[in-house]
Amino acid sequence: MEKILEVLEVELAILESFPPQLQITARGMVPTAGWTNPRLEPFIFIQPPPDGIYEFDFVADPPSGVAAQVITPH
């Protein structure tokens, strides 16, 4: 797992559920072809952050072998 090259877009939606849930969707760029399993990995906080802002890393699994050297959206 490695951080992606660049975050292009983040969308937030509040789901109509009880209790309400937040859906986060992100798009980004990776440095080569062949990256898989893109995901947002939350930071682990012992206590809720004082500013109320939770943080995530946008990561994906890099290719295990040779990959085309092209910037690829994910």
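This is a short talk on the fold, the surface and the salt bridges of one predicted protein model.

Okay, housekeeping. Because the model is predicted, local features need pLDDT of at least 70 and side-chain atom pairs count only at pLDDT 80 or more, while totals for chains, interfaces and linings use all residues. Numbering runs from 1 along each chain as its sequence is written, and side-chain values use heavy atoms, with hydrogens and water left out.

Let's start with the fold. You get six strands and zero helices, so the pattern along the sequence is simply β-β-β-β-β-β. Those are DSSP runs numbered from the N terminus: E of at least two residues for a strand, H or I of at least four for a helix.

Now the overall shape. The radius of gyration is 15 Å, where a compact globule of 74 residues would sit near 11 Å. That's taken over C-alpha atoms, and the globule rule is 2.2 Å times the number of residues to the power 0.38. Along the principal axes, the C-alpha trace spans about 45 × 30 × 15 Å.

What about burial? Buried residues are 16% of the 74, with buried meaning under 20% relative accessible area, exposed over 50%, and partly exposed in between (1.4 Å probe, protein chains only). The accessible surface is about 5700 Å², and carbon and sulfur atoms hold 59% of that; it's Shrake-Rupley, again with a 1.4 Å probe.

On contacts, meaning heavy atoms within 4.5 Å: of those with a separation of 6 or more, 55% are between residues 24 or more positions apart.

Right, on to charges. Side chains of opposite charge can pair when their charged atoms come close. How many salt bridges are there? Four, counting a side-chain nitrogen of Lys or Arg within 4 Å of a carboxyl oxygen of Asp or Glu.

Take Arg27 and Glu9, which pair at 3.0 Å, N to O. Arg27 is in strand β3 (residues 21–30) and Glu9 in strand β2 (residues 6–15), so this one ties together parts 18 residues apart in sequence. Both are partly exposed: Arg27 has a relative accessible area of 40%, and Glu9 has 28%.

Then look at Arg39. Its side chain meets Glu41 at 3.0 Å, N to O, and it also bridges to Asp61, with the closest N and O atoms 3.2 Å apart. That second pair links distant parts of the chain, Asp61 being in strand β5 (residues 56–61) and Arg39 in strand β4 (residues 36–42), 22 residues apart. So Arg39, Glu41 and Asp61 form a salt-bridge network. Partly exposed here too: Glu41 at 30%, Arg39 at 21% and Asp61 at 21%.
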